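Trainee: Hi! Could you walk me through this one while I have it open?
Mentor: Sure, put it on the screen and ask away.

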2 protein chains.
Amino acid sequence: MSTNRLTLYHYPLCPFSRKVRIALFEKGVPYTLILEKPWERRIDFLKMNPAGEVPVLVDEDGSIIASHTAIVEYINETRVGLDLFGDTPLIRAEVRRLASWFDTLFYREVYETLVMEKLAGQIQSGKEPNSTFIRIGRMNLKRHLRYIEWLMERRNYLAGNKISLADFSAAAHVSVLDYLGEVSWEEYPETKAWYARMKSRPSFQSLLNDRIAGMIPPNAYSDLDF
Amino acid sequence: MSTNRLTLYHYPLCPFSRKVRIALFEKGVPYTLILEKPWERRIDFLKMNPAGEVPVLVDEDGSIIASHTAIVEYINETRVGLDLFGDTPLIRAEVRRLASWFDTLFYREVYETLVMEKLAGQIQSGKEPNSTFIRIGRMNLKRHLRYIEWLMERRNYLAGNKISLADFSAAAHVSVLDYLGEVSWEEYPETKAWYARMKSRPSFQSLLNDRIAGMIPPNAYSDLDF
């Protein structure tokens, strides 16, 4: 029997890393976090994942799993505990559709514009954010928050009656924007109520404790009563 | 029992649509193709998939499945025939890692630069392609083809010993570039041998017959002996 703990290479404000951290905790799997700045392109990290992206998971037996989509399916297949995807093929399809909505559309339209520009100074010292990209990202963010609001006016959780990876993916992405003080919660009451439920889960606590040097979040970020 | 055929809304040069078309054929599922130009943002199509993207699958019972990742998992869960993902969690993780490599990295670095510029005139009449994006896309394409070459020097199929969704995803993306005459096959002998095997599969034939008005592929595109 292996005595190694499961290890996750992550970056604190990477939404895909956050999604996997939540999923692991929800599955009851203890893990060690290792901070990786993917833009440094560390050779030993590239050997684990030639895509050069976090998160990367190293299982207790040393197996390396890369790509956040592959990681969450792998965790769900190999661990008991909360089923991340749901009971029927149709429900699982809806969960995967919404998880991929946030992992591709939200990421492209909000993270790659607004967040990347705000992180520019972290990646390249002294680099100024591009205000056009920030404006476009903020506009896109409103559209995505309205979509969550629309869903939450109709459903208990994002993909239906039960909590699933769709909620973890969405909350992971939204939490990065919340860290940056970019979410006007009062405009989205249903979304706020949903996010308050997500924030109060034990699986979310380590995300709320994340801090990046030079980028301190507003107090409301880690406040459960925001 | 329903008498409806399964229906797939697709666009011929959309790599995600192509991946799903191959997967359906490999599963032995007959289907009807409906051409959808996603940039027209047809209201009835947006009702099926608010993301506005092809492919969208309508199952025999009328269930709507959107997002290519969700669709292939759904097909694999609900249909017998070739297992698209493989036998063990580790193999499935490698299949999903590589499928996602092409669906995210290759798509972002090659499709969104090179292909989108070459398609610009289809989407907006008279629009000229941006030569910088085309140059960057061609550079990125070489890097990705070298990665396939590296894998195929070591493996029978992309993800290991057996054919899988990794091959279908990669071949779907590469086939779009081949349609545009962008692949210098002589530089990648192992990749060429692999692609020749993919091309000769019955599941690939309908892709080789695709033609878009005003964009005729080179003869080698549909030639099995290219």
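Trainee: How many residues does each chain bring to the contact?
Mentor: Chain A gives 25 residues and chain B gives 25 residues. Keep in mind that this is a predicted model.

Trainee: Okay, and what area is buried between chain A and chain B?
Mentor: About 2,100 Å² is buried between them, and carbon and sulfur atoms give 64% of that. Interface size is often quoted in this way, as the accessible area lost when the parts come together.

Trainee: What about charges? How many salt bridges are found across the interface?
Mentor: The rule finds 10 salt bridges between chain A and chain B. One to click on is the pair Glu77(A) and Arg96(B), whose side chains meet with an N to O distance of 3.2 Å.

Trainee: Which parts of chain A supply the side that touches chain B?
Mentor: Strand S4 (64-66), helix H3 (68-78) and helix H4 (89-123) of chain A each put in at least two residues. H4(A) has the largest share of that side, with 11 residues.

Trainee: And how does that side of chain A split by class?
Mentor: There are 12 nonpolar, five polar and eight charged residues on the side of chain A that touches chain B.

Trainee: Nice. How many residue pairs are in polar contact between the chains?
Mentor: Six residue pairs, counting those with both residues at pLDDT 80 or more.

Trainee: Switching to symmetry: what turn lays chain A on chain B?
Mentor: A turn of 180 degrees, with a shift of 0.0 Å along the axis, and the RMSD is 0.0 Å. The two copies are therefore related as by a two-fold rotation axis. On top of that, both copies use the same surface, as 100% of the contact residues of chain A recur in chain B.

Trainee: Which residue of chain A comes closest to the rotation axis?
Mentor: Thr104(A), with its C-alpha at 4.2 Å from the axis.

Trainee: Now the backbone. Where is there a cis peptide bond in chain A?
Mentor: Look at the bond joining Val54(A) and Pro55(A), where omega is about -5 degrees. Pro55(A) sits in the loop between helix H2 (43-48) and strand S3 (56-58) of chain A.

Trainee: And what is the peptide bond from Val54(B) to Pro55(B), cis or trans?
Mentor: That bond is cis, with omega near 0 degrees. Pro55(B) is in the loop between helix H2 (43-48) and strand S3 (56-58) of chain B.

Trainee: What is phi of Ser67(A)?
Mentor: Near 85 degrees, a positive value in a residue other than glycine. Ser67(A) belongs to the loop between S4 and H3 of chain A, and its relative accessible area of 12% makes it buried.

Trainee: How about Arg41(B), what phi does that have?
Mentor: Phi of Arg41(B) is near 50 degrees, again a positive value in a residue other than glycine. You'll find Arg41(B) in the loop between strand S2 (31-35) and H2 of chain B. Arg41(B) is partly exposed, at 48% relative accessible area.

Trainee: Last one: is Arg18(A) buried or exposed?
Mentor: Arg18(A) counts as buried because its relative accessibility is 0%, and the cut-off for buried is under 20%. Arg18(A) is in helix H1 (residues 15-26) of chain A.

Trainee: What does Arg18(A) touch?
Mentor: Leaving out residues up to four places away in sequence, its contacts include Asp210(A), Tyr179(A), Tyr221(A), Ser175(A) and Leu207(A).

Methods. Residues are numbered from 1 along each chain as its sequence is written. Chains are lettered from A and ligands numbered from 1 in the order in which they are written. This is a predicted model: local features need pLDDT of at least 70, side-chain atom pairs count only at pLDDT 80 or more; totals for chains, interfaces and linings use all residues. Side-chain values use heavy atoms; hydrogens and water are left out. Contact means heavy atoms within 4.5 Å. Buried area is the accessible area (1.4 Å probe) that two parts lose on being put together, summed over both. A salt bridge is a side-chain nitrogen of Lys or Arg within 4 Å of a carboxyl oxygen of Asp or Glu. A polar contact is a pair of N or O atoms within 3.5 Å; within protein, one must be able to donate a hydrogen and the other to accept it, and residues adjacent in sequence count only if both atoms are side-chain atoms. Helices (H or I, at least four residues) and strands (E, at least two) are DSSP runs, numbered from the N terminus. Ala, Val, Leu, Ile, Met, Phe, Trp, Tyr, Cys and Pro count as nonpolar, Asp, Glu, Lys and Arg as charged, and the others, Gly among them, as polar. Copies are superposed by least squares on the C-alpha atoms of residues with pLDDT of at least 70 in both. Buried means under 20% relative accessible area, exposed over 50%, partly exposed in between (1.4 Å probe, protein chains only).
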